[in-house]
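Work through the exercises below with the sequence and model at hand. Each task is followed by a stepwise solution.

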Amino acid sequence: MAVWLTAYAVVMGAEQLRFQTTIGVEVKGDTWSCVEIPGSAEFFGTGKTVRVDASIDDVLLENVGAMVTGTGGHMVSLNAKVRKTLGKDVGDTVDVTITKR
């Protein structure tokens, strides 16, 4: 089932959420190198930090924290090593798969 949320194409499965987004989340006036997870509070059933497996353009991040954004959603941080492996940075588009743990 595909659901369109703003600029996101979301496909929900029993345990996975797939979407395309841009790296960069606005937090307290700064842009963080994170990807925001659309519909995350509903998907996880909570507004608190949760552990997930994330695949960003086929780079697997296992057992990472999906942090709260402060606006009711969740985000996954992409450190410098991950961004270098991806060859991408803030403003670039990535394909994301989030799997519940």
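**Exercise 1. Determine how β7 pairs with β10, and find the partner of D53.**
Step 1. β7 and β10 pair in the antiparallel sense, over five bridges. Two strands pair if DSSP finds at least two bridges between them. Strands are DSSP runs (E, at least two residues), helices are H or I runs of at least four, and both are numbered from the N terminus.
Step 2. The bridge partner of D53 in β10 is T99.

The model is predicted: local features need pLDDT of at least 70, side-chain atom pairs count only at pLDDT 80 or more, and totals for chains, interfaces and linings use all residues. Residues are numbered from 1 along each chain as its sequence is written, and side-chain values use heavy atoms, leaving out hydrogens and water.

**Exercise 2. Describe the link between β7 and β8.**
Step 1. The two strands run antiparallel, joined by six bridges.
Step 2. R51 has G65 of β8 as its bridge partner.
Step 3. β7 and β8 form a hairpin with two residues between them. D57, in the turn, has a positive phi of about 45 degrees.

**Exercise 3. Place β7 in the largest nonpolar core.**
Step 1. Five of the seven β7 residues are buried (under 20% relative accessible area, 1.4 Å probe, protein chains only; exposed is over 50%, partly exposed in between).
Step 2. The largest nonpolar core (buried Ala, Val, Leu, Ile, Met, Phe, Trp, Tyr and Cys joined through side-chain atoms within 4.5 Å) has 21 residues. I56, V76 and I98 have the most contacts inside it.
Step 3. β7 gives the largest share of this core, four residues.
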